[in-house]
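Please examine the sequence and the model shown here before reading the report.

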Amino acid sequence: MMKMKYLSEAKIICALVMGLFLVLTACSDSEDEQPQEEILPPIVLACDYFNEDRVLENDPRRPVDYVIECWANVQGALRINPGVVVAFEKDAGLYVNLDNNLFEVVGRQEEPVVFTGTVQQKGHWRGLFFTEAHNLNNTIEHTVIEYAGSQNLTSSSPVYEGSLALRGVSGTPPQALSLSHVEIRNGGSVGLDFHGVKTNATVSASNLVITGNEGVPVKVSAEMAHIFDNTSSYAGNASDFLNITSSNYEIEEKTVTWQQLDVPYLVDSRVQITTNGHLTIEAGTEMQFRSEAYLQVSSGWATDAPSLKIQGTASDPVHLKAHNGTDWGGIYYGFTEEDNVIEHAVIEHAKGDFPVGNIQNTGAVYMHADPMLTVTNTTFQDLPNYAFFAYTGASSSQPELPNLNRSSNTYINVAKGEAGLGYLGWNNKP
């Protein structure tokens, strides 16, 4: 995306003929032609340019305002004004290490800021990596980030990648960044990497468009997945999933919702709703799980009362399925006095494997210590074991399960259990 330049037209007056006389009026360029606006080359910024506070300004005479040729360390406060175009050479980018200094990229709808490559091809330049960014007013708005993702943003573990990434921190002030009306497109890897971001971070994301990238649009921790909502579009990438990674997997001391997006969620591993944590999965949401992935609703104490509410509708059920089309863990409930709900859902391929207790081949819904749970209008299908499985210790007797309420559920191709028992299994039951 380049700024448009407008050139004036020269005026030319020809000869006038009056009767027998010929009058020739010639207009010289210097008298009547409006001068053409000069097109200027970009300003090349030195690698140490951002060691102090800077403001980047839009120059209408420059289609590209600035060029950055290196992996530039941003330590001073930085403001980038509307309409600025910054182009990056091969593998160049911004390493944002400004502690509490302010980072502001403030485009406007009609004048976005553009971060692009000197060559317009996927994966030309490296990207933007925020390693220490603690100012609560850090913001990127009305901005285009394109052709980034040439290589990982970190060279050692933990690996961050993508066109833009925010590092997770511990033992230091929390990170802070607000993204609004940002388009991340045509990158050589993932779009946005927030997988290390912890729950104490002050981060927000709205009205994003992440498309045309060679990986998933977003990598994010379970703790922070709720910040990505349906004001944004995540479709049109090589792998269209909002990827919930294995890091920072606990949802605790907060109430959050995972909204229906225009792409499915992809869960890599364990997601635990624990101490006073409450997660609602919204109607119409599709969730896919890798083989080792599962949902766990439990904490150390009954009074902690975590909850999971899967709330589909008849026309818009929630769909939980295996990413590989074969198997995933399922849903593990420990003791909780909080109401847990599964309504209008489709649960398929769940094997009943939960590494947290070395539990294998049980049921799609596993219950420990009689949790409170209501399951209605839900379809269980293509299950290799039971639909429900209760832990009973050494007892071989069928449990009473007074806190389990089930009605109007459908069972299709469930391998174990009896229809009259709702395909329920328990310890010592084959």
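The report covers the parallel sheets, the salt bridges and the enclosed spaces.

This is a predicted model, in which local features need pLDDT of at least 70, side-chain atom pairs count only at pLDDT 80 or more, and totals for chains, interfaces and linings use all residues. Residues are numbered from 1 along each chain as its sequence is written, and side-chain values use heavy atoms, with hydrogens and water left out.

## Parallel sheets

Strands here are DSSP runs of E with at least two residues, numbered from the N terminus. Two strands pair if DSSP finds at least two bridges between them. Strands of a sheet pair through backbone hydrogen bonds, either parallel or antiparallel.

One open sheet consists of seven strands in the order β21-β24-β27-β30-β33-β36-β39, with parallel pairing. Its edges are formed by β21 (250–251) and β39 (424–426); each has a single partner strand, so one side of each is left without a neighbour in the sheet.

Within this order, β33 stands between β30 and β36. Strand β33 (residues 363–367) is mostly covered, as five of its five residues are buried; buried means under 20% relative accessible area, exposed over 50%, and partly exposed in between (1.4 Å probe, protein chains only). Strand β30 (residues 331–333) pairs with β33 in the parallel sense over three bridges, and Y332 has Y366 of β33 as its bridge partner. Towards strand β36 (residues 386–390), β33 forms four bridges, and these two strands also run parallel. Here Y366 has F389 of β36 as its bridge partner, while V365 is matched with F388 of β36. Y366 thus appears as a bridge partner of Y332 and of F389. In a regular strand the side chains alternate between the two faces of the sheet.

A further open sheet is built from six strands in the order β22-β25-β28-β31-β34-β37, again with parallel pairing. The edge strands are β22 (255–258) and β37 (404–407), each of which pairs on one side only. Neighbouring strands of this sheet are turned by 10° against each other on average, direction ignored; for such angles, axes are lines fitted to C-alpha atoms (for helices over the stretch in contact), and angles run from 0 to 180 degrees between N-to-C directions. In this sheet, strand β25 (residues 278–282) and strand β28 (residues 307–311) run parallel and are joined by five bridges. One of the matched pairs is I281 with I310 of β28.

## Salt bridges

The structure holds 14 salt bridges, a salt bridge being a side-chain nitrogen of Lys or Arg within 4 Å of a carboxyl oxygen of Asp or Glu. Three of them are listed here, including the accessibility class of each partner.

| Pair | N to O distance | Accessibility |
|---|---|---|
| R54 and E52 | 3.9 Å | R54 partly exposed (24%), E52 partly exposed (48%) |
| D59 and R62 | 3.2 Å | D59 buried, R62 buried |
| R185 and E146 | 2.9 Å | R185 buried, E146 buried |

R185 and E146 meet through their side chains. R185 lies in strand β15 and E146 in strand β13, so the pair ties together parts that are 39 residues apart in sequence. D59 and R62 also belong to a network of salt bridges that links D59, R61 and R62.

## Cavity and pocket

Both kinds of space are defined on a 1 Å grid over the protein atoms alone: a cavity is a set of points where a 1.4 Å probe fits but cannot get out, a pocket is an open set with protein on both sides within 12 Å along at least five of seven lines, and lining residues have an atom within 4 Å of a point. Grid points are joined across faces, edges and corners, and a volume is the space filled by probe spheres set on the points.

The structure holds one cavity of 30 Å³ or more. The largest cavity has a volume of about 40 Å³, and its lining includes R167, G168, V169, Q175 and K198. The lining divides into three nonpolar, four polar and two charged residues; Ala, Val, Leu, Ile, Met, Phe, Trp, Tyr, Cys and Pro count as nonpolar, Asp, Glu, Lys and Arg as charged, and the others, Gly among them, as polar.

The largest pocket encloses about 170 Å³ of space. Among its lining residues are R108, H142, T143, H181, E183 and N207. The elements that give two or more residues to this lining are β13 (139–146) and β15 (176–185). Four nonpolar, five polar and two charged residues make up the lining of the largest pocket.
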